Amino acid sequence: MATTANKATTKQTTVAMTGNAGCALAMKQINPDVVGAYPITPQTTIVEEFANYVANGVVDTEYINVESEHSAMSACIGASAAGARVMTTTSSQGLALMWEELSIASAMRLPIVMHNVNRSLSGPINIHCDHSDSMGARDMGWVQMFGETAQEAYDNTIIAMRVAEHEKVMLPVMIMHDGFITSHAIDRFDVLDDEVVKKFVGEYVPKRALLDTDNPMTFGPFAMPPYYYEQRKAMRVALENAKDVVLKVSKEYGKLSGRTYGLFEEYRLDDAHIAVIVLGSTAGTAKYVVDKLRDKGMKVGLLKPRLFRPFPSAEMADALSHLKAVAVMDRSDSIGAPGGPVYMEVKAALYNTTKRPHVQGYVYGLGGRDTGPDQIETVFGDLQKVARGEEAPREAVTLLGVKE
Amino acid sequence: MATIKELSHKEERLTGGHRLCAGCGASIAVRQVLLGTDNPVVAGSATGCLEVSTTPYPFTAWGTPFIHNAFENSAATMSGVEGAYNALKRRGKIPADKEIKFVAFGGDGGTYDIGLQSLSGAMERGHNMLYVCYDNGAYMNTGIQRSGATPFGAATTTSPAGKVGQGKPQARKDLTQIMAAHNIPYVAQASISHWKDLVNKAEKAFAVDGPAFINVMSPCPRGWRTPNEMTVEIAKLAVQTGFWPLYEVEDGEWKLNFKPAKGLRPVEEFLKPQGRFKHFFKPGNEHLIEEFQSQVDKNWERLKKRCGVE
Ligand SMILES: Cc1ncc(C[n+]2csc(CCOP(=O)(O)OP(=O)(O)O)c2C)c(N)n1
């Protein structure tokens, strides 16, 4: 399950780039047929960078500068149904504006790959990171993958293309990285050669295409109660298939790159008594805290989900079964629900198992509120007290770092 | 332009057996437009009567590739299809000598109102595609609600005529002129009643290099409260009374295509047969007819000036 480092079998170049530049680079290397996109902070530098690749003839992608994100996804749906390999990218309000189109893309079984650079949702309007945007789209039938670093954002982009177009999946994939923290900070990471990526993603040969005018087909028909339900069931099956496909493609990618990703990453979890579950860049801070507390002799660990949809419930329940207490840290709130989206998934994953830890929910970092090691230490402190029986397990969600 | 006999031998790309109402103007509009090219065509439609009635899964009435995405994005969707065509052609995946045409349809709701932004964007970007609005003057699919295309005074389910209200208080939006302001190669207004004019316009629209737009008068017997067999006649009256002038804007040149030798007929002839204007003819409501007439006259004079017609 865990992310592992193995020996790469192909040459790589170490670069210093922002996460967004890494994503644009991966897009360049994939050289999709069509990109339809609209700028929004913090995604903007991806579309700008890609526009430069187009302007300089580095790619021969048809780049459609649409007039809104709704039209971005609409054009991507048209292009993908036409038979093209399609990519796009957005954030926050852009994703919200696409909402209607998200479930049409997945229902039409179109393998579109999209970056969603995580940003909070208005209001109040705010440009900084939290995960409310992509969490709001969690039931849209898309594969959702989160990355912690620029390296992961780059790697996930290439892997996503193969996952989306896999015949057992044929669903759109949304790849996330944290706005500003990962998108705009310059990071050091390794990239594959263009030719290697080109070979890895291969050629996209659609089974059905609007542009196959000799075999006219109708896309997006009107389905009444006798037919609709089965279409949705087919989406569920395909999304569940994505789990194995993600593992398979990630393994193949790992052989090339030396970076093999699982469904989630386990960090010092094997012999831990307590652990934190956290997505995205905060996992990096949490690893630092884990190391620090380990030095003090505390048995702490971390689980960082990578695949959020489909949610790897059984695998996660298995990985957590030996723990005494777990804290799930959500960078988005599901207002009115018992806790954040990851918390609810984790709890649901554990409920029917016999050996399971106590689960405590935390919300943190909304609208880009800084989340430093001290907050995470507080969380581990809470868990330790619960594990020792010094404190009653908490049921209500705790909002970290919020002013009274 | 082909003769009617030749046209009748052409392949029908929208087959019979669809579930549009008897007397529906939309299917007539679509069939006439599709007669405007012999090339392979990819068609699309916004959500609305046309889409719902032609694609009841697992059936389809479309003999040509067809896509429906949602209500407000027929143009954006087709712009993506056209973009894919350009990319795949450039990459040699579509033979160089194969020329596919693209046409997006939308009702007046999907075009004048909710889809105006996506239409404007697609036209501004210069996609090589035709957009056709079948204007039946209301949201018919959802039960006759008013739209930006609903004429002044028409009763709809959201602008009913009652004790105080007299149908839609506002005049209609002039979408064709809005599209002309995009300075695209071809814009036209046409009617299903004037088939020769419409097919001719479709031919021109498919032939230009770049975006084209046609607004087609497509009466709806249900919404207009007219007998099914009156569809073509009432569309003709829309033209003859000047409510729906036929004209085209080719590369910025405005041309009036229908000038009645004996002048326009009074709008009353267009209004009278329609149940949606019934309240116009109640004693004391004569001013509604006058107001309608004066709006039509004003627009007609303005259009004539633009077209350089005395
Ligand atoms: C975003 C959205 N809003 C509302 C609707 C409901 N709706 C479906 S069709 C329609 C009206 C269509 O009217 P029009 O475009 O004039 O076409 P017609 O039905 O007259 O053919 C409406 C309001 C929808 N499907 N999507």
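These legends walk through close-up views of a predicted model with chains A and B.

**View 1. The two domains of chain A, side by side.**
Let's start inside chain A, where the domain assignment gives domain 1 (4-260) and domain 2 (264-399). Their contact takes 29 residues from domain 1 of chain A and 28 residues from domain 2 of chain A. Taken over C-alpha atoms, the centres of the two domains of chain A are 28 Å apart. About 2100 Å² is buried between domain 1 and domain 2 of chain A, with 55% of that area on carbon and sulfur atoms. On the domain 1 side, A:Arg138, A:Glu148 and A:Lys243 lose the most area to domain 2 of chain A, together accounting for 30% of what that side buries.

**View 2. Charged and polar partners between the domains of chain A.**
Zoom in on the side chains of A:Glu148 and A:Lys304, which form a salt bridge with an N to O distance of 2.8 Å. Across the interface of domain 1 and domain 2 of chain A, the rule finds five salt bridges. The count of residue pairs in polar contact between these two domains is 17 (both residues at pLDDT 80 or more).

**View 3. The face that domain 1 of chain A turns to domain 2.**
Which elements each supply at least two residues of the side of domain 1 of chain A that touches domain 2 of chain A? They are helix H5 (132-135), strand S7 (143-146), helix H6 (150-165) and helix H8 (225-257) of chain A. H8(A) gives the most to this side, with six residues. By residue class, this side of domain 1 of chain A divides into eleven nonpolar, ten polar and eight charged residues.

**View 4. Where chain B meets chain A.**
Now for the contact between chains: 43 residues of chain B touch 44 residues of chain A. Chain B and chain A bury about 3200 Å² between them, and 57% of this lies on carbon and sulfur atoms. The rule finds five salt bridges across the interface of chain B and chain A. In the salt bridge between B:Arg125 and A:Glu67, the side chains meet at 2.9 Å, N to O. The interface of chain B and chain A also has 21 residue pairs in polar contact (both at pLDDT 80 or more).

**View 5. The chain B side of the contact.**
Helix H3 (49-54), strand S2 (66-68), helix H4 (74-90) and helix H6 (116-125) of chain B each supply at least two residues of the side that touches chain A. How many residues does H4(B), which gives the most, bring to this side? H4(B) brings twelve. The chain B side that touches chain A is made up of 20 nonpolar, 16 polar and seven charged residues.

**View 6. Strand pairing from chain to chain.**
Look next at strand S10 (residues 218-219) of chain A, which runs parallel to S2(B) and is joined to it by two bridges. Here A:Phe219 has B:Ile67 in S2(B) as its bridge partner.

**View 7. A six-stranded sheet in chain A.**
An open sheet of six strands in chain A follows the order S12-S14-S13-S16-S17-S18, with mixed pairing. Strand S12 (264-267) and strand S18 (398-399) of chain A are the edge strands, each pairing on one side only. Within the sheet, strand S13 (residues 274-278) and strand S14 (residues 300-305) of chain A pair in the parallel sense over four bridges. For a closer look at S14(A), find A:Gly301, the bridge partner of A:Ala275.

Definitions and conventions: Residues are numbered from 1 along each chain as its sequence is written. Chains are lettered from A and ligands numbered from 1 in the order in which they are written. This is a predicted model: local features need pLDDT of at least 70, side-chain atom pairs count only at pLDDT 80 or more; totals for chains, interfaces and linings use all residues. Side-chain values use heavy atoms; hydrogens and water are left out. Domain bounds come from an automatic or database domain assignment. Contact means heavy atoms within 4.5 Å. Buried area is the accessible area (1.4 Å probe) that two parts lose on being put together, summed over both. A salt bridge is a side-chain nitrogen of Lys or Arg within 4 Å of a carboxyl oxygen of Asp or Glu. A polar contact is a pair of N or O atoms within 3.5 Å; within protein, one must be able to donate a hydrogen and the other to accept it, and residues adjacent in sequence count only if both atoms are side-chain atoms. Ala, Val, Leu, Ile, Met, Phe, Trp, Tyr, Cys and Pro count as nonpolar, Asp, Glu, Lys and Arg as charged, and the others, Gly among them, as polar. Two strands pair if DSSP finds at least two bridges between them.
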